[in-house]
Amino acid sequence: MITLYVLGSGSRGNCCAVECEGVAVLIDAGFSIREVERRAASVGLDLGLAAGMVLTHEHGDHSCGAAGLSRKLRIPVLTAQGTWTRLATRLAATEHRLLGLCSHVELGPFIVEACPTSHDAFDPLAVAVRIADGTSVGVAYDLGRATTAVRYLLSNLTAIVLESNHDEVQLRTSQYPPVVQRRIAGSGGHLSNRAAAQLLGELHHPGLSVVVLAHLSQQCNSASDARGAVAPALRRAGFRGTLHVADQDVPLPPIRVAQTAAIQLGLGL
Ligand SMILES: [Zn+2]
Ligand SMILES: [Zn+2]
């Protein structure tokens, strides 16, 4: 079983972690060290268990605490070469483990895999972690669109943390200037509720037991709008698991991720 911690998600900071058998892997550190520590403590995540930190891309809402936290915890940073190069001076004292399409990393019980995403960053990644019995968690946010590689990475996972950034109508009628609206809605920007719903409907399989909607826009979305867009699509696909919506300011309670009986018996595949 994997325990998934979503410490916060949105344009003001993102940080998740997975834990299994006393080993944790952080995924992004877009808050200050103190804030990550405060949030982790509030949901019972022991940062002393961390064996590594995945960094999806260099934008501050994913990376601002990464250098300090990886140094303090003495853990390697797993990231694409371009992201590492971009942050080289900040991460100079940190060990780098290369993560990418052909470079998975083993950390304790976890195998960490990744693929490139379509986003206006230097070398952005979506990530999936897996343990020996097949239980797996994917994290994909800051997606302009879901590429074939992302769809492949997210297929057959037990849990998916997926961006559901904005309501398309709210974005079009927002105060954002047209150039910003085009950037958010474009292929280098962020996934809308409608696109997330469609993608999750396509990705659904009998073993999918947890979905977390993440990176919601504060201006052009709400938890109820995101849930309202995605829940019907998941229901139509036959989803019987739990649907969560990540919050910017408050961590979600720990989420237990385990394979369903059907999958364990090989009936769902
Ligand atoms: Zn972001
Ligand atoms: Zn970004």
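## A walk from the strands to the two zinc ions

Strand E4 and strand E5 (residues 77–79) run parallel and are joined by 2 bridges. That is a handy place to enter this structure, which is a predicted model. Where the two strands meet, Met53 stands opposite Val77 in E5.

Now look at another partner of E4. Strand E3 (residues 23–27) pairs with E4 in the parallel sense, over 4 bridges. Here Leu26 is the residue that stands opposite Met53 in E4. To get from E3 to E4, the chain passes through helix H1 (residues 33–42), and the resulting β-α-β crossover is right-handed. So Met53 has Leu26 opposite it in the pairing with E3, and Val77 opposite it in the pairing with E5. How enclosed is E4 by the rest of the structure? Largely so, because 4 of its 5 residues are buried.

While you are in this part of the chain, find Arg39, which lies over the face of Phe31, at 4.1 Å from the ring centre. As for aromatic pairs, the structure holds 0 of them.

Next, follow the chain on to the metal site. Which protein residues hold the zinc ion that is ligand 2? Its protein donors are His57 (NE2), His59 (ND1), His119 (NE2) and Asp142 (OD), lying 2.2 Å from the ion. Along the chain, these donors follow the spacing H-x1-H-x59-H-x22-D. His57 sits in the loop between strand E4 (50–54) and helix H2 (60–63), while Asp142 sits in the loop between strand E10 (136–140) and helix H5 (148–154), so this pair ties together parts that are 85 residues apart in sequence. The arrangement around this ion is irregular, because the 4 donor atoms subtend angles of 90 to 169°; to count as tetrahedral, all angles would have to lie between 85 and 135 degrees. His57 counts as buried because its relative accessibility is 1%, and Asp142 also counts as buried, at 2%.

Asp142 is also the way to the other metal. It bridges the zinc ion (ligand 2) and the zinc ion (ligand 1), which lie 3.6 Å apart. Ligand 1 is coordinated by Asp61 (OD), His62 (NE2), Asp142 (OD), Asp142 (OD) and His215 (NE2), at 2.1 to 2.8 Å. Asp142 is thus listed with two OD entries at this ion. The spacing of the donors of ligand 1 along the chain is D-H-x79-D-x72-H. Distant parts of the chain are linked here too: His62 lies in helix H2 and His215 in the loop between strand E12 (210–214) and helix H9 (223–237), 153 residues apart.

Are His62 and His215 buried or exposed? His62 counts as buried, because its relative accessibility is 0%, and His215 is buried as well, with a relative accessible area of 1%.

A last stop is Gln248, in the loop between strand E13 (242–245) and strand E14 (255–257). With a relative accessible area of 4%, Gln248 is buried. Gln248 and Gln218 are 30 residues apart in sequence, and their C-alpha atoms are 8.6 Å apart in space.

Conventions
Residues numbered from 1 in each chain as written. Chains lettered and ligands numbered in written order. Predicted model: local features only at pLDDT ≥ 70, side-chain atom pairs only at ≥ 80, totals over all residues. Heavy atoms only, no water. Donors = N, O, S within 2.8 Å, 3.2 Å for Na, K, Ca; no water. Tetrahedral: all angles 85-135°; square planar, octahedral: opposite > 155°, others 65-115°. Buried < 20%, exposed > 50% of the residue type's maximum accessible area, 1.4 Å probe, protein only. Phe/Tyr/Trp six-rings, centres within 6.5 Å; stacked < 30°, edge-to-face > 60°. Lys NZ or Arg CZ within 6 Å of the ring centre and 35° of its normal. Pairing = 2+ DSSP bridges. Right-handed = clockwise from strand over helix to strand, strands pointing away.
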